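The following exercises ask the reader to work from atomic coordinates to a description of a fold. Each task is followed by a solution in steps.

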Amino acid sequence: MAMNVVALRPKECVRQDAEPIAAIYRNLGTASAEQVVTRELGELALTMAGLAQQVRTHQIQDLSRQLRQLQRMAEALGLVSLGLVAADVRTCLERADVTAFSAVWSRLLRIAERSLAPDKSLLDQTFS
């Protein structure tokens, strides 16, 4: 009997809320807001990279706190999906569910990649 192997490539639907960034632009003006948003996205990317390094090296002692920080940063920038999945990873970690952690961590990586991709659609939504 021949077995067919199908490689699944999950495609995540990334939800974003343009209002937090729009509020930053309203409050600070374009030039200052661009600097703030760029800095915050950079910090978020660094936080995600740090988390990935910790998971790769199995250093999870401070992971829950850092996932909460990632969640807050994502929410402040309107990255709804990223914040929700970061919270889900924390739940798996706190429950010590290794299988669920692995699956949800993989989802977080996919969501982060799509959320932090150089895509101007969120900014376009902010000013339309």
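The exercises below concern this predicted model.

**Exercise 1. Overall composition**

Determine how many helices and strands the protein chain has, and what share of its residues count as buried.

*Solution.*
Step 1. The secondary structure comes to 6 helices and 0 strands, and along the sequence the pattern reads α-α-α-α-α-α.
Step 2. The protein chain has 128 residues, of which 34% count as buried.
Step 3. For contacts between residues at least 6 apart in sequence, 64% join residues at least 24 apart.

**Exercise 2. The buried face of α5**

Establish which residues of α5 are buried and how they are arranged about the helix axis.

*Solution.*
Step 1. Helix α5 has 18 residues and spans 25 Å from its first C-alpha to its last, close to the 26 Å expected at 1.5 Å a residue.
Step 2. The buried residues of α5 are Phe101, Val104, Trp105, Leu108, Ile111, Ala112 and Ser115.
Step 3. Viewed down the axis of α5, these buried residues fall within an arc of 125 degrees, so they line one face of the helix.
Step 4. The face turned away from the buried side carries the exposed residues Thr99 and Glu113.
Step 5. The cover over the buried residues of α5 includes α2, α3 and α4.
Step 6. At the N-terminal end, α5 is capped by Asp97, with a side-chain oxygen 3.4 Å from the backbone nitrogen of Thr99.

**Exercise 3. The aromatic pair**

Identify the residues that form an aromatic pair, classify their geometry, and decide whether each is buried or exposed.

*Solution.*
Step 1. The count comes to 1 aromatic pair.
Step 2. Phe101 and Trp105 form this pair, with 6.1 Å centre to centre and 5 degrees between the planes. Planes under 30 degrees apart count as stacked, and the pair is accordingly classed as stacked.
Step 3. Both residues lie in helix α5 (residues 98–115), 4 residues apart, about one turn of the helix.
Step 4. The cut-off for burial is under 20% relative accessible area. Phe101 counts as buried because its relative accessibility is 14%, and Trp105 because its value is 8%.

**Exercise 4. The nonpolar core**

Find which elements supply the largest nonpolar core and which residues have the most contacts inside it.

*Solution.*
Step 1. The largest nonpolar core has 29 residues, and those with the most contacts inside it are Leu44, Leu67, Leu82, Val89, Phe101, Trp105 and Leu108.
Step 2. The elements giving two or more residues to this core are α1 (19–28), α2, α3, α4 and α5.
Step 3. Helix α2 gives the most, with 7 residues.
Step 4. Leaving aside neighbours within four places in sequence, Leu82 is in contact with Leu44, Ala74, Leu108, Ile111, Ala112 and Ser115.
Step 5. In soluble globular proteins, nonpolar side chains tend to be buried together.

**Exercise 5. Positive phi in loops**

For His58 and Ala96, state the phi angle and decide whether each residue is buried or exposed.

*Solution.*
Step 1. Most residues other than glycine have a negative phi.
Step 2. His58 has a positive phi, near 60 degrees, and lies in the loop between α2 and α3.
Step 3. Ala96 also has a positive phi, near 55 degrees, and lies in the loop between α4 and α5.
Step 4. The cut-off for exposure is over 50% relative accessible area. His58 is exposed at 67%, and Ala96 counts as exposed at 61%.

Key:
Residues are numbered from 1 along each chain as its sequence is written. This is a predicted model: local features need pLDDT of at least 70, side-chain atom pairs count only at pLDDT 80 or more; totals for chains, interfaces and linings use all residues. Side-chain values use heavy atoms; hydrogens and water are left out. Rings of Phe, Tyr and Trp (its six-membered ring) pair if their centres lie within 6.5 Å; planes under 30 degrees apart count as stacked, over 60 as edge-to-face and the rest as tilted. Buried means under 20% relative accessible area, exposed over 50%, partly exposed in between (1.4 Å probe, protein chains only). The expected span of a helix is 1.5 Å times one less than its number of residues. The arc is that of the directions from the helix axis to the C-beta atoms. Contact means heavy atoms within 4.5 Å. A polar contact is a pair of N or O atoms within 3.5 Å; within protein, one must be able to donate a hydrogen and the other to accept it, and residues adjacent in sequence count only if both atoms are side-chain atoms. A nonpolar core is a set of buried Ala, Val, Leu, Ile, Met, Phe, Trp, Tyr and Cys residues joined through side-chain atoms within 4.5 Å.
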